[in-house]
Amino acid sequence: MGNLKLKGKDILKIGYPNNQSVNIALEVMKRNFATKNIHHVKSLLKEILTNPEDFEKDLTFGQIAEALLSSKKTEKRMLNANRTSFQIFGNNISDEAKNQLYTGLKLSIAIQGALMPDAHSGYGLPIGGVLAVENAVIPYGVGMDIGCRMSLSILDTPISYLDGARDKYEKALAEHTKFGMYETHKSHGDHEIFDRDTFDMIPILKRLKGKAIKQMGSSGGGNHFVEFGEVEITEEDEQIGLPKGKYLGILSHSGSRGLGAEIAQYYSRVATEQCPLPKEAQNFAWLDLSTHLGLEYWTAMNLAGDYASACHDDIHRRLVKAVGGRVKAKIENHHNFAWKEIHNGKEMIVHRKGATPANENELGMIPGSMTAKGFIVRGKGNPDSLNSASHGAGRAFSRGECRNLFTQNDIKKELKLKNVTLIGGNTEEAPMAYKDINEVMNAQSELVDILGTFQPRIVRMDR
């Protein structure tokens with residue numbers, strides 16, 4: 001690794017003003033051009049100084065250009081006295097979760113909000129919270145597991161195989177899925193995502209690329225799972241393209257792994273530094289999308305979302321190869337993300353933390369628990385929910401409460417009752433930890449139509 005011998009005084013000699021632009025220029029050039037000739041680096045800096053407007057949107061030099069064009073000091077943002085408009089769906093929601101949304105609705109950038117029926121408290125925006133804002137992105141409003149998603153593959157395999165060849169399906173899950181921080185696959189198939197130049201444009205992505213390759217096709221801990229189960233199509237839909245009936249399905253729930261977590265941690269910290277807020281609202285710190293850092297996070301977030309999708313494709317590919325059959329239909333949707341959308345004729349950034357898009361005719365999958373049925377849905381595009389729906393049943397008890405309330409024996413009884421085999425799992429994810437999925441679905445009948453169900457039969461989770 002080269003060591004660029006560039007100093008602050010060299011940058012001042014080029015003509016840079018004696019302010020933060022010098023330190024930023026020094027950091028950016030040493031980070032990205034450590035092996036380059038100092039004369040080349042100086043000529044680049046001179047070019048940026050001459051026409052900073054030309055470099056505002058550049059992922060490498062944007063921060064320097066921004067510093068040259070702006071001398072604004074970081075001022076503490078205050079909350080508005082009143083909340084902006086919102087809607088709450090469902091009754092079984094804690095006051096803590098509601099109050100978290102209410103704080104977000106007082107941000108100066110807030111336009112509209114909603115709370116889904118699976119909502120429960122989180123950090124900053126509650127899980128099941130939807131918040132639309134103007135030209136900004138809130139890293140903690142997206143969440144730590146960027147682009148976490150549900151993915152359902154419906155196979156042409158007869159459903160009877162799940163009982164007749166149960167050992168084969170259990171073995172496939174045990175051998176071909178990897179969970180938690182340390183398990184990874186021995187071999188990694190090539191994926192186009194690793195050819196993207198985005199990995200080289202942003203330093204944190206460059207550093208995390210090796211980890212992303214290593215963790216490809218693996219799942220996180222906690223409530224993440226991969227399972228075989230029984231799909232029942234109850235309403236025909238041309239997008240699914242299958243007649244009513246029962247099918248064998250693979251359902252997975254996981255996100256962007258270490259890549260997404262480290263992106264979230266880094267930009268949440270940066271946002272807090274850039275956007276000081278009152279104590280109760282600190283986790284709502286945002287990055288303006290007109291700034292270099294906002295653009296940088298937006299780019300990294302989208303890459304992490306695509307990576308999460310690629311991981312699910314890899315998981316399903318491995319399992320289909322192990323058990324046979326062909327995929328007849330695929331349904332997926334994601335949460336923990338921010339989207340640029342038009343509502344009421346106005347562009348907004350819609351954060352859905354533990355909530356999923358439910359635009360008109362958009363398909364999705366809403367799971368229950370390791371023993372409860374999940375639902376295949378079609379969105380209704382309800383403006384009151386900002387075209388959103390729940391991402392699951394939602395927790396009735398926190399992880400800490402579950403450790404005190406339930407035992408492995410309680411879980412075993414419930415599994416036996418519902419004819420479900422569990423590989424891994426712990427009391428924090430006990431079926432009883434979750435709200436009644438049927439109540440949650442009833443509370444969002446204005447948001448989605450039900451097209452079918454998924455009943456878990458063999459479930460694999462982290463141990």
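User: Where does UniProt place the feature "binding site" (unreviewed entry) that spreads over 83 residues of sequence?
Analyst: This is a predicted model, where local features need pLDDT of at least 70, side-chain atom pairs count only at pLDDT 80 or more, and totals for chains, interfaces and linings use all residues. Residues are numbered from 1 along each chain as its sequence is written, and side-chain values use heavy atoms, with hydrogens and water left out. The two positions cluster in space, with a largest C-alpha distance of 10.7 Å. UniProt's annotation, which may be inferred rather than shown by experiment, names His253 and His335.

User: Is His253 buried or exposed?
Analyst: His253 sits in strand S7, residues 245–254 (strands are DSSP E runs of at least two residues, helices H or I runs of at least four, numbered from the N terminus). Buried means under 20% relative accessible area, exposed over 50%, and partly exposed in between, using a 1.4 Å probe and protein chains only. At 6%, His253 is therefore buried.

User: Which histidines does His253 touch, not counting residues up to four places away in sequence?
Analyst: Contact here means heavy atoms within 4.5 Å. The partners of His253 include Cys148, Arg149, Met150, Asn223 and Phe225. The histidines on that list are His224, His312 and His335.

User: UniProt also lists Asp145 and His224 for "binding site" (unreviewed entry); what is the largest C-alpha distance there?
Analyst: Asp145 is in the loop between helix H6 (139–142) and strand S5 (149–155), while His224 is in the loop between helix H10 (203–215) and strand S6 (225–233). They're spread over 80 residues of sequence, yet they cluster in space. The largest C-alpha distance is 11.0 Å.

User: Why does Asp145 count as buried?
Analyst: Asp145 is in contact with His224, Ser254, Gly255, Ser256, Arg257 and Asn336, leaving aside neighbours within four places in sequence. Asp145 counts as buried because its relative accessibility is 16%.

User: And what relative accessibility does His224 have?
Analyst: His224 touches Asp145 and His253, among others, including Arg460 and Met461. His224 counts as buried too, at a relative accessibility of 9%.

User: How do helices H8 and H12 pack, oblique or roughly parallel?
Analyst: H8 (residues 166–176) and H12 (residues 292–323) have axes 10 Å apart and an angle of about 140°. Axes are lines fitted to C-alpha atoms over the stretch in contact, and angles run from 0 to 180 degrees between N-to-C directions. Under 35 degrees is roughly parallel, over 145 roughly antiparallel, 65 to 115 roughly perpendicular, and the rest oblique. So H8 is, relative to H12, oblique.
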